[in-house]
Amino acid sequence: MASVSDVSQSEHLEEVTEERFRLALGNFATGVTIITSTDDGESVGMAANSFTSVSLDPPLVSFCAALTSTTYPRISASGRFCVNVLSEFQEEIARRFAQRQIDRFAGVRTSESPLGSPILEGVVAWIDCKIEAEHRAGDHLIVVGHVRALHVEFQRLPLLYFRGQFAIEQPIAREIDTWTTG
Ligand SMILES: Cc1cc2nc3c(=O)[nH]c(=O)nc-3n(C[C@H](O)[C@H](O)[C@H](O)COP(=O)(O)O)c2cc1C
């Protein structure tokens with residue numbers, strides 16, 4: 001049986017390079033969200049898969065914003081954000097909200113959340129938040145939101161993100177099949 005020291009020695013064989021770090025973390029499957037707000041009446045939004053729940057009482061959620069993001073400072077200035085959980089048919093929206101120098105909202109239908117942020121049509125759920133805190137963590141900010149309103153469309157299914165690719169149930173099953181059969 002392997003001793004504790006054997007286990008930690010074998011872990012040390014796996015060097016934490018940036019490439020290996022990205023590769024390993026890509027194995028944690030997530031949903032995909034668009035974090036939206038308004039700035040001077042203009043809709044702003046960015047794709048984020050770092051969204052997670054934090055606390056039930058009070059209801060808190062969080063996501064991480066890169067310090068290099070040009071959109072997050074505009075969201076921060078508004079003091080609020082709306083988390084739009086993308087559905088399986090919204091891969092194109094996910095890609096678009098990660099691109100710079102384009103009008104991300106062009107042709108996208110929206111309505112207004114109770115706190116005044118854009119809700120994208122066709123999402124699985126939306127979660128409307130006031131910014132509670134921002135914590136610097138390495139090259140990102142951990143943004144904590146206090147949830148003030150939310151809505152779920154139970155008949156819709158989510159878009160997934162796994163190993164750097166957008167996925168729904170079928171492509172993942174195919175990929176696993178290819179792996180196991182070599
Ligand atoms: C699937 C996916 C997930 C992403 N998740 C995050 C994230 O959690 N945090 C983040 O800062 N950027 C994330 N990005 C990148 C941003 O969406 C995008 O690069 C960034 O908004 C750059 O534009 P900006 O300068 O307008 O912020 C993600 C992109 C994609 C495609």
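Of the 182 residues in the protein chain of this predicted model, 26% count as buried. As for how the chain is built up, its secondary structure comes to five helices and twelve strands. Contacts tell a bit about how the chain folds back on itself: looking at pairs of residues at least 6 apart in sequence, 66% of the contacts join residues at least 24 apart.

Some of those strands come together in an open sheet. This sheet has three strands in the order 1-11-12, and the pairing is antiparallel. Strand 1 (30–31) and strand 12 (165–167) sit at the edges, so to speak, each pairing on one side only. Strand 11, made up of residues 160–162, runs antiparallel to strand 12 and is joined to it by three bridges. To pick out one partnership here, F162 has Q165 of strand 12 as its bridge partner.

Then there is the ligand. A shell of 19 residues surrounds it, and the closest of them are M46, S50, S69, T70 and T71. Two elements, strand 3 (42–48) and strand 5 (60–66), give two or more residues each to this shell. Strand 5 gives the most, with four residues. What about the chemical character of the shell around the ligand? Its residues divide into 13 nonpolar, five polar and just one charged.

Methods:
Residues numbered from 1 in each chain as written. Predicted model: local features only at pLDDT ≥ 70, side-chain atom pairs only at ≥ 80, totals over all residues. Near = placed C-beta within 6 Å. Nonpolar A, V, L, I, M, F, W, Y, C, P; charged D, E, K, R; others polar. Buried ≥ 20, exposed ≤ 12 C-beta atoms within 10 Å, placed from the backbone. Contact = placed C-beta atoms within 7 Å. Pairing = 2+ DSSP bridges.
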